[in-house]
Amino acid sequence: MPDRSEKVIAAKEAAARRAAERGDTGSHAPTQDRLPPGQYLVAKFPVLDLGIRKPMALEEWSLAVSGLAERTQPITWAELSSLPRVEVVADFHCVTRWSLYDLSWAGVRFRDVLELIRPLPKARFVMQYGRDGYSANLPLEALMDDNVLLAYELAGEPISLEHGGPIRTIIPRRYAWKGAKYLSGIELMAEDRPGFWEQRGYHNEGDPWKEERYW
Ligand SMILES: Nc1nc2c(c(=O)[nH]1)N[C@H]1C(S)=C(S)[C@@H](COP(=O)(O)O)O[C@H]1N2
Ligand SMILES: [Mo]
């Protein structure tokens, strides 16, 4: 990993550690109905990731499938794009406290992809992987929501490399770190396992309305 991203990671880890030492779990009194507690609104969409951005055309994209599923062959773009197109307008909340309203995404439901994969009954958790080495864990249940997408468009355009193209996951009910940019694989698991930030002091659930920021 390049120096720059190691520094960013170290700084964010240290902030999570200091907050935990202060006994500050990140909790604040609620501000407004729409803005989760402790968040501020931004107008422009920031770019936030590990800084490892490898271009990839949609036609080259595929999703690796591993773990507890009937099907473990990769899902190709041709197959993904044959699933129903779904549009979701959602607010976006980063654990580092910026929020953005009304991002408009298009893609396919995570749920529809899971239907292709057919998770085994024992599968209760999912790890998403990004091609930058990222990972994020969630209960399978959380990915069944109507508004959880494998997104391929943002504001009517193919998702740019900066914002995680060609395919990224969005999970509007969780902090944004729970959705992998540069989505490259998913693993179905019987037991939960912490992802990239969850190993580095971030909360396992990441619900912005409960301010589940850090351990
Ligand atoms: N693959 C990958 N996905 C990722 C990240 C990352 O570093 N790598 N960062 C997460 C974090 S912390 C946030 S806030 C959002 C940022 O998305 P954006 O860069 O489009 O604003 O992506 C999330 N998904
Ligand atoms: Mo974030």
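The following paragraphs describe a sheet, a helix that lies across it and the surroundings of ligand 1 in a predicted model.

The strands considered here form an open sheet of five members, arranged in the order β3-β2-β11-β6-β7 and joined by mixed pairing. Because β3 (75-76) and β7 (135-139) each have a single partner strand, these two stand at the edges of the sheet, and one side of each is left without a neighbour in it. The pairing between β7 and strand β6, which spans residues 125-130, is antiparallel and comprises five bridges; within β7, Ala-136 is the residue that stands opposite Gln-128.

Helix α3, formed by residues 110-117, lies across four strands, namely β2 (62-67), β3, β6 and β11 (183-189). With respect to β11, the helix runs at an angle of about 65 degrees.

Around ligand 1 there are 19 residues, of which Pro-46, Leu-48, His-163, Arg-168 and Lys-181 come nearest. Polar groups of three of these residues can be described individually. A polar backbone atom of Pro-46 lies 2.6 Å from an oxygen atom of the ligand, and an N or O atom in the side chain of His-163 is likewise placed 2.6 Å from an oxygen atom of ligand 1. For Arg-168, an N or O atom of the side chain is found 2.7 Å from a ligand oxygen atom. Of the 530 Å² of accessible area that ligand 1 has on its own, 99% is covered by the protein.

Note on methods:
Residues numbered from 1 in each chain as written. Chains lettered and ligands numbered in written order. Predicted model: local features only at pLDDT ≥ 70, side-chain atom pairs only at ≥ 80, totals over all residues. Heavy atoms only, no water. Pairing = 2+ DSSP bridges. Contact = heavy atoms within 4.5 Å. Axes fitted to C-alpha atoms, helices over the stretch in contact; angles between N-to-C directions. Near = heavy atom within 4 Å. Polar contact = N/O pair within 3.5 Å; in protein donor to acceptor, adjacent residues only side chain to side chain. Areas by Shrake-Rupley, 256 points an atom, 1.4 Å probe, with all protein chains shown as cover.
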